[in-house]
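Visitor: Could you take me through one part of this model in detail? I would like the geometry along with the cut-offs behind each term.

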Amino acid sequence: MEPRRHISHACDRCRSLRTKCSGETRCAKCVKDDGICIYGDRKREKNKKGLTESKDRIRSLEEKNHGLLSVLRQLASSTALHADLRSEVEDTYLDENSALTDAELHTQTQPSRTSSPQSERRGQYVNEHETTNADYSEIRQKDLSQQPAWDTVRIPPAISGPSRLSRVAQEQLLGDEDLGGPRYPPAVWTNVTTNNLLVQHLLALYFCWEYPTFASLSREHFLVDYNSGRHRYCSPLLMNAILAIGAKFSDFPEARENPDDTSTAGNHFFHEAQRLLGFEDVPSMTTIQALNLMSLRQASCGNDMSSWHHARHAMRIAIDLDLPNDDPNQEYLRNSSNSRMERQVRIATFWGCFSLEQAWSLCVGRVPQIDLQDIKVHKSIIVDEIEREEWIPYTDEGLAPNSATRQEGNMQLGFNSFSDLSELVHEVTDILYSDKLPLSGHKILTIYTKYLQWYENLPDQLRLGGNSTPTVLFTHMYFHFVVLALFRPFLNLRIAHSPVSPRSICTEAARNILALVKSYKSLYTLRRIPTFVPYLILSAEVVTMMDMSWWPDRRVTTQDMYSRESIDYLAELATPHLFAQRAISLCNVFRERWEMGDAHSTGPATDYERVRTKINQKSALALPHAKTFFRPDDELERHHERVPSPNTGRSPSIAGLGFHPFPLQGHPLKKSLAVVKQARDDDGSFEALRKELEACGFEIV
């Protein structure tokens, strides 16, 4: 065997990744990974990096100085400013060399009129959300007079974009993209506010607490265009959709449409996104990304039907733009100078869109719009440098000083694992709700085995105990939810010839969801938590109550252990996520119908009573079926009545065979019930019904 020759100078990429380099003109590692192989001069590279950092620092200071001058100019022009002080400001800071002209000041403080591809036609349309030039003066005065202590809030470094990364990491993500040039003020992307710091703050809150759960955008590529003012991967529509979610995590009055009403947080940004959506004549990837985020915002507010339609709309556009196809030989990629960036953004957009549609399809019992065999797109690439970046809790007070909560982010690894789980969810919705495949107990067990294999194969970085970021905790909550959703329709049945009990699995999954929520609360509180968590808690609580109604002797102990805790969680979630209020109302309806008493709390009286005053116990029945998937049937009892013993001589109820408390949601047993009902009509005996169920792979409990 020929001995391995000693390489004295590794390529830049291998040296950064700390891997062996073959030393060839294009080394074996770079050839295998399809990367750019460069042998740079280390000293020259270091000097170049230092020069770049110095330029960035100078540019940052110039921008800061420019912003301060703008503020001073406004202060100097204020009639409320004392004459002596105004004179001192003008003489000291606003001399003839540094003073801004009125035109320059207008440019700095006004949102960009070219911030939308359709901006030239905006003057033709006026509606209740349009902002006039006169309004901006009022907004500026309000921003200055009610400015919070922004100088105490330190924005996370990740918001600066890929410029914080090494050259190798930038090359992996961006190819030969130039990160130079001026940085645009953040507020140019929205007409709602001119406060740059507010925009940065809400953006940081979104990326800290919601991203990358159901994320349909690539953060790094988005930030490149966000900072440079380009419209490839950032747009006013997308920005307002992000800010509408980020505002849910802030207690600042500026984040609300009505400063005195916490329930209006982010409404003004969402209304602006709705307005801009009407100008999207030609949909693009940013349209898909914005629709996905608008869907999440609607889910948070309890507008589940609207959220579902936004998610479906996003997926429809993704299919029309051929995002499920990842063929690098496609014409639009061959002719693009930024094909690497374009491909990565397409991948992130598709999988975020796909995951959200699968979550809603499973939640409300619908069939997805795309088949798995039509998906030919890979998962996103993983950049080790980004994965190893610290995740630090970020709130209205800034970055958390507690080092105990700082840990590796593993954002992309978590996103890819979540996408893998979403593919399994697609198989479940096909089996439960599609007419293409017959429903059988064997198929349910097959999918359950795949779920367990996915959980067993989780990377070590995403296992509980090793990582406790919001992304990891939510991924584990979601895993237990999809297991619960798989077996919940069969709570009143057993799977034939199997020791697996749907009731036992569902109650265990419900306990695990609530235990993870408790862990999340102990680490970060529930003030900032991913959007879908209230839906998971509601599902867990309904199954817990169903189990208690089946076994009356368990009601006291089980209620003390779980139900009160769930109500506490929902009460705390009611501020950022209004659906939690409706969830408490739904729990009250179920408790009343199942004769379990009213929902109550053992937590702080102020939290629960504050929410309780806003909740009408019957509000769960107030919304018509056309506006929500979560409205119980008026005759709820028939969905959970116990199946009587064969010795009673009375045949069981067909409706009682499956657990289906929300009639507008899909009924998995519908395909099999037609056969069972026919058997019952032909022969009303219990034995005939039992045989038909066994043919489908189920047994009556």
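At what angle do the axes of α15 and α17 cross, and within what distance do they come?

Guide: Happy to. This is a predicted model, where local features need pLDDT of at least 70 and side-chain atom pairs count only at pLDDT 80 or more, while totals for chains, interfaces and linings use all residues. Residues are numbered from 1 along each chain as its sequence is written, and side-chain values use heavy atoms, with hydrogens and water left out.

The axes of α15 and α17 cross at roughly 40 degrees and come within 9 Å. Here axes are lines fitted to C-alpha atoms, for helices over the stretch in contact, and angles run from 0 to 180 degrees between N-to-C directions. Helix names follow DSSP runs (H or I, at least four residues), numbered from the N terminus. The crossing angle makes α15 oblique to α17; angles under 35 degrees count as roughly parallel, over 145 as roughly antiparallel, 65 to 115 as roughly perpendicular and the rest as oblique. The crossing of α15 and α17 is also left-handed, meaning that the near helix is turned anticlockwise from the far one by less than a right angle.

Now for the residues. Contact means heavy atoms within 4.5 Å. On the α15 side, A348, W351, G352, F354, S355, Q358, S361 and L362 take part. They meet F415, F418, S419, S422, E423, V425, H426, V428, T429 and Y433 of α17. By class, this contact has nine nonpolar, eight polar and one charged residues, where Ala, Val, Leu, Ile, Met, Phe, Trp, Tyr, Cys and Pro count as nonpolar, Asp, Glu, Lys and Arg as charged, and the others, Gly among them, as polar.

Both helices also belong to the surroundings of a cavity. On a 1 Å grid over the protein atoms alone, a cavity is a set of points where a 1.4 Å probe fits but cannot get out, and lining residues have an atom within 4 Å of a point. Grid points are joined across faces, edges and corners, and a volume is the space filled by probe spheres set on the points. The structure holds eight cavities of 30 Å³ or more, and the largest has a volume of about 270 Å³. Of the 20 residues lining this largest cavity, L173, Y211, S218, I381 and Q412 are the closest to its centre. Two or more lining residues come from each of α9 (219-228), α15 (339-364), α16 (384-387) and α17 (411-433). The lining of the largest cavity divides into 12 nonpolar, five polar and three charged residues.

Note on methods:
On a 1 Å grid over the protein atoms alone, a cavity is a set of points where a 1.4 Å probe fits but cannot get out, and a pocket is an open set with protein on both sides within 12 Å along at least five of seven lines; lining residues have an atom within 4 Å of a point.
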